[in-house]
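Grab a pencil and work through these exercises one at a time. Try each task yourself before you read its solution.

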Amino acid sequence: MDPILASLPASLLRLVEDQLSNNEVSSDEELLDHFISDGLTEEQARQALTYRDQYLANIYLDGFTPILKGNEALRFNPYNRQFEPE
C-alpha cells in the first residue's frame, strides 16, 4: 500500500479511488481542494493525484488497485477479458 496514503480509513480511500477513476471534469487543483476538504492532508492529496492518469485509463480489480497493492495491482484487459498485472 502507498505509505503516504496508508493511514487513511477505508471509507476515505474508497472516495479517493472513486474520484480518481471517475472524475474527468475537475482540474487537478479542484480535485486537490476536494480531497483536502474531505480530510486528506495536502501531502496525501498530492500523492493521490499522482495516480490519476492510471485510474482514468484502467479498470482495476476491487482491492487490487495501485494505491492498495502497488506493483501487484490488477487491471482489466478488454482483449482477453481478464484482470492482469500492469
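**Exercise 1. Find what surrounds phenylalanine 35, then place phenylalanine 35 in the core.**

Step 1. Skip the neighbours within four places in sequence, and phenylalanine 35 is in contact with Leu15, Val16, Gln19, Leu20, Leu40, Ala45, Ala48 and Leu49. Contact here means heavy atoms within 4.5 Å.

Before going on, a word on the source: this is a predicted model, in which local features need pLDDT of at least 70 and side-chain atom pairs count only at pLDDT 80 or more, while totals for chains, interfaces and linings use all residues. Residues are numbered from 1 along each chain as its sequence is written, and side-chain values use heavy atoms, with hydrogens and water left out.

Step 2. Now look at the largest nonpolar core, which has 18 residues. A nonpolar core is a set of buried Ala, Val, Leu, Ile, Met, Phe, Trp, Tyr and Cys residues joined through side-chain atoms within 4.5 Å. Buried means under 20% relative accessible area, exposed means over 50%, and partly exposed is in between (1.4 Å probe, protein chains only).

Step 3. Phe35 is one of the members that touch the most other members, along with Leu5, Val16, Leu20, Leu40 and Ile67. Helix H1 (10–22), H2 and H3 each give at least two residues to this core, and H1 has the largest share, with four. Helices are DSSP runs of H or I with at least four residues, strands are runs of E with at least two, and both are numbered from the N terminus.

Step 4. Here is the general background: in soluble globular proteins, nonpolar side chains tend to be buried together.

**Exercise 2. Check the length of H1, then sort its two sides.**

Step 1. The expected span of a helix is 1.5 Å times one less than its number of residues. For the 13 residues of H1 that should give 18 Å, and the end C-alpha atoms are 18 Å apart, so the two agree.

Step 2. Which residues of H1 are buried? They are Leu12, Leu13, Val16, Glu17, Gln19 and Leu20. Because they cover an arc of only 160° around the axis, they sit on the same side of H1. The arc is that of the directions from the helix axis to the C-beta atoms.

Step 3. Flip to the other side of H1 and you meet Arg14 and Asn22, which are exposed. The buried residues of H1, meanwhile, pack against H2, H3, H4 and H5.

**Exercise 3. Do the side-sorting again for H3.**

Step 1. Pick out the buried residues of H3: Gln44, Ala45, Ala48 and Leu49.

Step 2. Their arc around the axis is only 135°, so they too share one side of their helix, H3.

Step 3. H1, H2 and H4 are among what covers them.

**Exercise 4. Track down the salt bridges.**

Step 1. How many salt bridges does the structure hold? Three. A salt bridge is a side-chain nitrogen of Lys or Arg within 4 Å of a carboxyl oxygen of Asp or Glu.

Step 2. Take arginine 52 and aspartate 28, whose closest N and O atoms are 2.7 Å apart. This pair links distant parts of the chain: arginine 52 is in helix H4, aspartate 28 is in helix H2 (residues 28–37), and they are 24 residues apart. Arginine 52 counts as buried because its relative accessibility is 6%, whereas aspartate 28, at 42%, is partly exposed.

Step 3. Arginine 46 pairs with glutamate 42, at 3.0 Å between the closest N and O atoms. They are four residues apart in helix H3 (residues 42–49), so about one helical turn separates them.

Step 4. Glutamate 84 pairs with arginine 75, and here the closest N and O atoms are 3.9 Å apart. Arginine 75 is partly exposed, at 24%.

**Exercise 5. Describe threonine 65 and arginine 81, each in a loop.**

Step 1. Threonine 65 lies between helix H4 (52–57) and helix H5 (66–69). Is threonine 65 buried or exposed? Its relative accessibility is 7%, so threonine 65 counts as buried.

Step 2. The side chains of threonine 65 and glutamate 17 are joined by a polar contact of 2.4 Å. A polar contact is a pair of N or O atoms within 3.5 Å; within protein, one must be able to donate a hydrogen and the other to accept it, and residues adjacent in sequence count only if both atoms are side-chain atoms.

Step 3. Arginine 81 lies between strand S1 (74–77) and strand S2 (82–85). Arginine 81 is exposed, at 68%, and its phi is near 55°, a positive value in a residue other than glycine. Most residues other than glycine have a negative phi.
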